Amino acid sequence: MTTPSAAAPADPAEPSSASRLALLPAVGVSVSAFLLFALRLAGWGHLLLALSLVGAVLVSRELAKDLALIGVGITIVSTTSVVASVDWDRFLTIGAVLLLAVLVPAAVDRLLLRRRAIRFPRARASRGPASRRATSWPCPSWAG
(Lines give C-alpha, C1' and ligand atoms only; values in the text may rest on other atoms or scores of the structure.)
Protein backbone atom coordinates (compact mmCIF):
# COMPACT_ATOMS: atom_id res chain seq x y z
CA MET A 1 0.00 0.00 0.00
CA THR A 2 1.42 3.35 -1.01
CA THR A 3 0.78 6.64 0.67
CA PRO A 4 0.11 9.75 -1.39
CA SER A 5 3.06 12.10 -1.48
CA ALA A 6 2.77 15.50 0.13
CA ALA A 7 3.91 17.19 -3.09
CA ALA A 8 1.32 15.69 -5.42
CA PRO A 9 0.94 17.67 -8.65
CA ALA A 10 -2.06 19.98 -8.77
CA ASP A 11 -4.97 19.04 -10.98
CA PRO A 12 -4.68 21.18 -14.15
CA ALA A 13 -8.48 21.41 -14.35
CA GLU A 14 -8.62 22.95 -10.88
CA PRO A 15 -8.27 26.77 -11.02
CA SER A 16 -5.46 28.27 -8.98
CA SER A 17 -6.06 30.77 -6.22
CA ALA A 18 -4.54 33.49 -8.44
CA SER A 19 -7.05 32.80 -11.23
CA ARG A 20 -9.88 32.83 -8.70
CA LEU A 21 -8.62 36.16 -7.40
CA ALA A 22 -8.49 37.52 -10.96
CA LEU A 23 -12.21 36.86 -11.28
CA LEU A 24 -13.06 39.56 -8.74
CA PRO A 25 -11.96 42.56 -10.84
CA ALA A 26 -13.50 41.01 -13.97
CA VAL A 27 -16.82 40.49 -12.21
CA GLY A 28 -16.57 44.04 -10.88
CA VAL A 29 -16.21 45.44 -14.41
CA SER A 30 -19.23 43.40 -15.52
CA VAL A 31 -21.35 44.52 -12.58
CA SER A 32 -20.31 48.14 -13.20
CA ALA A 33 -21.71 47.88 -16.73
CA PHE A 34 -24.94 46.52 -15.28
CA LEU A 35 -25.12 49.43 -12.84
CA LEU A 36 -24.40 51.95 -15.60
CA PHE A 37 -26.72 50.67 -18.31
CA ALA A 38 -29.45 48.58 -16.68
CA LEU A 39 -29.95 50.44 -13.42
CA ARG A 40 -28.66 53.83 -14.66
CA LEU A 41 -26.61 54.44 -11.51
CA ALA A 42 -23.75 56.40 -13.06
CA GLY A 43 -21.93 57.29 -9.84
CA TRP A 44 -21.94 53.78 -8.41
CA GLY A 45 -21.15 52.24 -11.79
CA HIS A 46 -18.11 54.43 -12.41
CA LEU A 47 -16.92 53.97 -8.82
CA LEU A 48 -17.12 50.17 -9.12
CA LEU A 49 -15.38 50.31 -12.50
CA ALA A 50 -12.52 52.34 -11.02
CA LEU A 51 -12.21 50.06 -7.98
CA SER A 52 -12.24 46.99 -10.23
CA LEU A 53 -9.42 48.42 -12.34
CA VAL A 54 -7.37 49.17 -9.22
CA GLY A 55 -7.99 45.60 -8.06
CA ALA A 56 -6.89 44.31 -11.45
CA VAL A 57 -3.61 46.24 -11.17
CA LEU A 58 -3.00 44.59 -7.80
CA VAL A 59 -3.68 41.11 -9.22
CA SER A 60 -1.92 41.29 -12.59
CA ARG A 61 -0.71 44.01 -14.93
CA GLU A 62 -1.85 42.04 -17.99
CA LEU A 63 -5.32 41.62 -16.52
CA ALA A 64 -5.37 45.34 -15.74
CA LYS A 65 -4.52 46.18 -19.37
CA ASP A 66 -7.30 43.97 -20.69
CA LEU A 67 -9.90 45.23 -18.22
CA ALA A 68 -8.82 48.84 -18.83
CA LEU A 69 -9.58 48.42 -22.53
CA ILE A 70 -13.03 47.11 -21.63
CA GLY A 71 -13.45 49.95 -19.15
CA VAL A 72 -12.61 52.55 -21.80
CA GLY A 73 -15.35 51.16 -24.04
CA ILE A 74 -17.86 51.07 -21.17
CA THR A 75 -17.00 54.64 -20.21
CA ILE A 76 -17.41 55.90 -23.77
CA VAL A 77 -20.83 54.26 -24.09
CA SER A 78 -21.87 55.68 -20.71
CA THR A 79 -21.38 59.25 -22.00
CA THR A 80 -24.67 59.15 -23.90
CA SER A 81 -28.13 57.81 -23.34
CA VAL A 82 -28.78 54.65 -25.31
CA VAL A 83 -32.55 55.05 -25.12
CA ALA A 84 -34.08 54.07 -28.44
CA SER A 85 -35.26 57.00 -30.52
CA VAL A 86 -36.16 57.36 -34.19
CA ASP A 87 -34.73 60.87 -34.52
CA TRP A 88 -31.78 61.10 -36.91
CA ASP A 89 -29.67 63.10 -34.49
CA ARG A 90 -30.00 60.39 -31.80
CA PHE A 91 -29.40 57.67 -34.36
CA LEU A 92 -26.17 59.33 -35.52
CA THR A 93 -25.07 60.15 -31.96
CA ILE A 94 -25.51 56.59 -30.74
CA GLY A 95 -23.82 55.26 -33.86
CA ALA A 96 -20.82 57.56 -33.35
CA VAL A 97 -20.54 56.67 -29.66
CA LEU A 98 -20.69 52.93 -30.35
CA LEU A 99 -18.12 53.33 -33.13
CA LEU A 100 -15.80 55.17 -30.73
CA ALA A 101 -16.39 52.53 -28.04
CA VAL A 102 -14.92 49.96 -30.43
CA LEU A 103 -12.24 51.99 -32.20
CA VAL A 104 -10.68 53.78 -29.19
CA PRO A 105 -9.84 50.60 -27.22
CA ALA A 106 -8.57 48.96 -30.44
CA ALA A 107 -6.35 51.98 -31.17
CA VAL A 108 -5.07 52.09 -27.58
CA ASP A 109 -4.29 48.37 -27.77
CA ARG A 110 -2.40 48.66 -31.05
CA LEU A 111 -0.72 52.06 -30.75
CA LEU A 112 -0.07 52.58 -27.03
CA LEU A 113 0.21 49.04 -25.70
CA ARG A 114 1.81 47.74 -28.92
CA ARG A 115 -0.05 44.45 -28.94
CA ARG A 116 -2.99 42.91 -30.78
CA ALA A 117 -5.34 41.60 -28.12
CA ILE A 118 -8.34 42.97 -30.05
CA ARG A 119 -8.87 41.40 -33.46
CA PHE A 120 -11.70 41.72 -35.92
CA PRO A 121 -12.75 39.03 -38.39
CA ARG A 122 -12.46 40.18 -41.98
CA ALA A 123 -12.96 38.65 -45.37
CA ARG A 124 -9.78 37.99 -47.32
CA ALA A 125 -9.18 37.11 -50.93
CA SER A 126 -8.98 33.38 -51.44
CA ARG A 127 -5.49 31.97 -51.71
CA GLY A 128 -6.15 28.44 -52.70
CA PRO A 129 -8.88 25.89 -53.10
CA ALA A 130 -12.04 26.32 -51.10
CA SER A 131 -11.18 23.22 -49.09
CA ARG A 132 -8.16 25.02 -47.59
CA ARG A 133 -10.02 28.19 -46.75
CA ALA A 134 -11.54 28.34 -43.30
CA THR A 135 -13.40 31.17 -41.69
CA SER A 136 -13.17 31.80 -37.99
CA TRP A 137 -16.71 33.18 -37.94
CA PRO A 138 -19.93 31.97 -39.49
CA CYS A 139 -20.43 33.28 -43.00
CA PRO A 140 -24.00 33.43 -44.33
CA SER A 141 -24.53 31.97 -47.78
CA TRP A 142 -25.42 35.37 -49.25
CA ALA A 143 -22.11 36.86 -48.10
CA GLY A 144 -20.21 34.94 -50.70
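In the predicted model, the side chains of D66 and R115 are joined by a salt bridge, with N and O 2.6 Å apart. This pair ties together distant parts of the chain, since D66 lies in helix α3 and R115 in the segment after α4, 49 residues apart. The two partners differ in their surroundings: R115 has a relative accessibility of 17% and counts as buried, whereas D66, with a relative accessible area of 33%, is partly exposed. The assignment of R115 follows from the cut-off, because buried residues are those under 20% relative accessible area.

R115 also forms a salt bridge with E62, where the closest N and O atoms are 3.3 Å apart. Here too the pair links distant parts of the chain, with R115 in the segment after α4 (88-112) and E62 in helix α3, at a separation of 53 residues. E62 is partly exposed, and its relative accessible area is 43%. The side chain of E62 further meets that of K65 in a salt bridge, with an N to O distance of 3.3 Å. In contrast to the pairs made by R115, this contact is confined to helix α3 (residues 61-77): K65 and E62 are 3 residues apart there, and therefore about one helical turn separates them. K65 is partly exposed as well, at a relative accessible area of 29%.

These pairs belong to a wider arrangement, as a network of salt bridges links E62, K65, D66, D109 and R115. In total, 4 salt bridges are counted.

The protein chain contains 4 helices and 0 strands, and its elements run α-α-α-α from the N terminus on. Of its 144 residues, 20% count as buried. Among contacts with a separation of 6 or more, 49% are accounted for by residues 24 or more positions apart. The exposed area of the protein chain is about 11,000 Å², of which carbon and sulfur atoms supply 67%.

Helix α2 was examined with respect to its two sides. The helix has 18 residues and reaches 26 Å from its first C-alpha to its last, close to the 26 Å expected at 1.5 Å a residue. Within α2, the residues G45, L49, S52 and A56 are buried. Viewed down the helix axis, the buried residues of α2 fall within an arc of 65°, and they therefore line one face of the helix. The face turned away from this buried side carries the exposed residues G43, W44, L51, V54 and L58.

A nonpolar patch on the surface is formed by F34, L39, L41, W44, L47 and L51, which together have about 630 Å² of accessible area. Helix α2 (residues 42-59) provides the largest share of the patch, namely 3 residues. W44 and L51, both members of the patch, are also among the exposed residues on the face of α2 turned away from its buried side. L39, another residue of the patch, is placed in the loop between α1 (17-38) and α2. The relative accessibility of L39 is 44%, so this residue counts as partly exposed.

Technical notes: Residues are numbered from 1 along each chain as its sequence is written. This is a predicted model: local features need pLDDT of at least 70, side-chain atom pairs count only at pLDDT 80 or more; totals for chains, interfaces and linings use all residues. Side-chain values use heavy atoms; hydrogens and water are left out. Helices (H or I, at least four residues) and strands (E, at least two) are DSSP runs, numbered from the N terminus. Buried means under 20% relative accessible area, exposed over 50%, partly exposed in between (1.4 Å probe, protein chains only). Contact means heavy atoms within 4.5 Å. Accessible areas come from the Shrake-Rupley method with a 1.4 Å probe; for residues, only the protein chains shown count as cover. Patches are made of residues with over 30% relative accessible area and no salt bridge: like charges are joined within 9 Å, nonpolar side chains (Val, Leu, Ile, Met, Phe, Trp, Tyr) within 5 Å. The expected span of a helix is 1.5 Å times one less than its number of residues. The arc is that of the directions from the helix axis to the C-beta atoms.
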